[in-house]
Amino acid sequence: MQPTENTGHPRRWAILGVLVISLLVVVLDNTILNVALRTLADPVHGLGATQAELEWSINSYTLVFAGLLFTFGVLGDRAGRKRFLLIGLALFGLASLLSAYAQSPAQLIAARALMGVGGAAIMPVTLSIISNVFDPRERGRAIGVWAGAVGLAVAIGPVLGGALLENYWWGSVFLINVPVVLAGLILVTLLVPESRDPNPGRVDVPGVVLSVVGLVALSYGIIDGGEHGFDRPAVWGAIVGGLAVLAWFVALERRSDHPSLDVRLFRVPRFAAPVAVVGLVFFAAMGVMFFSSFYLQLVRGYSPLETGLLFLPFAAAQLVFAPRSAAMVQRYGGKAVSTVGLVLTTVALAAFAVVDETTPIWVVLVFFFLQGAGMANIMPPAMESIMSAVPREKAGVGSAVSNTVRQVAGALGVAVLGSVLSAVYRADVDGALRDLPAGAREAAGESVSGAYAAAGQLGPAGPQLIAVANDAFVSAMHTAAVVAAVVAGLGILVVLRWMPGRPATPAAVPPVAEPELAGTAQGRGE
């Protein structure tokens, strides 16, 4: 029977505010980095990073993040969630300093990997703390605010990043994390209570190692194939090897009595379906965000600050709709709300297949807004369903799994769609580069950024190269957008088949056969 007394923490809304600040530093960094990609590719004002190095500057963070989320979610439940939040913030701040003063793409990639360690300690405990300090009846609303904070970071990141790039050197986009980290450390220390699992299990070291090795090998193969072609044994060796290691990881987890990922969770529909949807949506959306920055800054000629401002409709839609999604789920059910969100997202992604150099910019802004509105109505009901499928004391496990899938899917989305983009671009532009000098031909054939750099050294022939490169890039963008829309569209099928509908009252929720995977911890105190 549903309790009449609110079991939430007395300072739960202030604690939520602190968690939002902690979350901002993780999301803010990636949105800022998207705007800085063109500058990092510049050999004069940046680091002269190649297309593959730009992708690895994103993926080194996300792969380390995803690989450690399994362990850090469990360790946070075991050793203390507040403690892990503080450790994660401190590591993130230190790595931000190292990133800001990196002297080469390799140093930046390494520093970003260290940031992934800090992010992996921060992200899972924010959701698990929410599950522990909020009464289950308020959790949906709190998660909606949590998800809206992602929209706030998306809004702040590109604009702040653009303003910094126009007035300071590229390292300032990482240095800006430091004051946010300091504020988070102080507020977490003062306000957030400590909580942990009273019955923790052992750490699954073999599982952690296998997950990291498998994910890195798989993504390396995809990125390397997109950069140099998929016709080499080394590429397929990395891809097949990565998949084999991940299969070994799953088999190990099924037999382990202390798994970092309890695969039995995926037998619970209200857990498995939203996890799959989150993965599909972030695979598609992160890939599109990756090439959108190049489209706006290179093909359309907007400055980094202007590019940041053009992303505001996406963020505004998240801010408006995400906090209201819990009420929509209560009224219409998670299946209906998620379906509408997925349809909007799929339409918005598919729309980029008709965007070109002459499309009115207000039309592009409408597409960004539709994508933001769609994702705002996917994430909160999905996360609430995931977190309700595990008891409070195991909240770190549910949070870690959902965030891992999201980060891995985002990393693979950038890798796969980036590879599609590179392959189609090279095929389209190759014939027009035969008369160029060897150095310019190689740079222009690698990426649209390389073509712009080469055009600056060709004198009167430069504008012609830029026109050819723009046409090839837009064609490649159309292909990548179609792939993204198809992937997001698969999420609609998953929701219609497996996503729970209207929320049942606690009394009507049937017991689950396995107590450790039972539904919400409704009625449980701390």
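Begin by selecting Tyr101, which is partly exposed, with a relative accessible area of 47%. The model on display is a predicted one. Tyr101 is placed in the loop between helix H3 (81-100) and helix H4 (105-133).

Next, add Leu97, Tyr168 and Trp169 to the selection. Together with Tyr101, these residues form a nonpolar patch on the surface, and the accessible area of the four is about 450 Å².

**The whole chain**

Now display the entire protein chain as a cartoon. Its secondary structure consists of 20 helices and zero strands. The chain has 526 residues, and buried residues make up 59% of them. The chain exposes about 19,900 Å², of which carbon and sulfur atoms supply 67%. Among contacts with a separation of 6 or more, 83% are between residues 24 or more positions apart.

**The nonpolar core**

Then turn to the interior. In soluble globular proteins, nonpolar side chains tend to be buried together. In this model, the largest nonpolar core contains 152 residues, and the members that touch the most others are Ile130, Tyr425 and Phe473. Helix H10 (residues 269-299) contributes the largest share of this core, with 20 residues.

Select Ile130 and show its surroundings. Which residues is Ile130 in contact with, leaving aside its neighbours within four places in sequence? They are Leu16, Leu19, Ala142, Ile143 and Trp146.

**Helix H15**

Proceed to helix H15 (residues 361-376). At 1.5 Å a residue, its 16 residues should span 22 Å, and the end C-alpha atoms lie 23 Å apart, which agrees.

Colour the buried residues of H15: Val363, Val364, Phe367, Phe368, Gln371, Gly372, Ala373, Gly374, Met375 and Ala376. An α-helix has 3.6 residues a turn, so residues three or four places apart point the same way. Val363, Val364, Phe367 and Phe368 are among the buried residues to inspect with this in mind.

What covers the buried residues of H15? The cover includes H10, helix H11 (304-310), helix H12 (312-321), helix H13 (325-332), helix H14 (334-351) and helix H16 (379-388). Showing these helices alongside H15 brings back H10, the source of the largest share of the core.

**Phe249**

Finally, select Phe249, which lies in helix H9 (residues 233-255). Is Phe249 buried or exposed? Phe249 is buried, because its relative accessible area is 5%, and buried means under 20%. Add Gly214 to the view: Phe249 and Gly214 are 35 residues apart in sequence, and their C-alpha atoms are 8.3 Å apart in space.

Notes: Residues are numbered from 1 along each chain as its sequence is written. This is a predicted model: local features need pLDDT of at least 70, side-chain atom pairs count only at pLDDT 80 or more; totals for chains, interfaces and linings use all residues. Side-chain values use heavy atoms; hydrogens and water are left out. Helices (H or I, at least four residues) and strands (E, at least two) are DSSP runs, numbered from the N terminus. Buried means under 20% relative accessible area, exposed over 50%, partly exposed in between (1.4 Å probe, protein chains only). A nonpolar core is a set of buried Ala, Val, Leu, Ile, Met, Phe, Trp, Tyr and Cys residues joined through side-chain atoms within 4.5 Å. Contact means heavy atoms within 4.5 Å. Patches are made of residues with over 30% relative accessible area and no salt bridge: like charges are joined within 9 Å, nonpolar side chains (Val, Leu, Ile, Met, Phe, Trp, Tyr) within 5 Å. Accessible areas come from the Shrake-Rupley method with a 1.4 Å probe; for residues, only the protein chains shown count as cover. A salt bridge is a side-chain nitrogen of Lys or Arg within 4 Å of a carboxyl oxygen of Asp or Glu. The expected span of a helix is 1.5 Å times one less than its number of residues.
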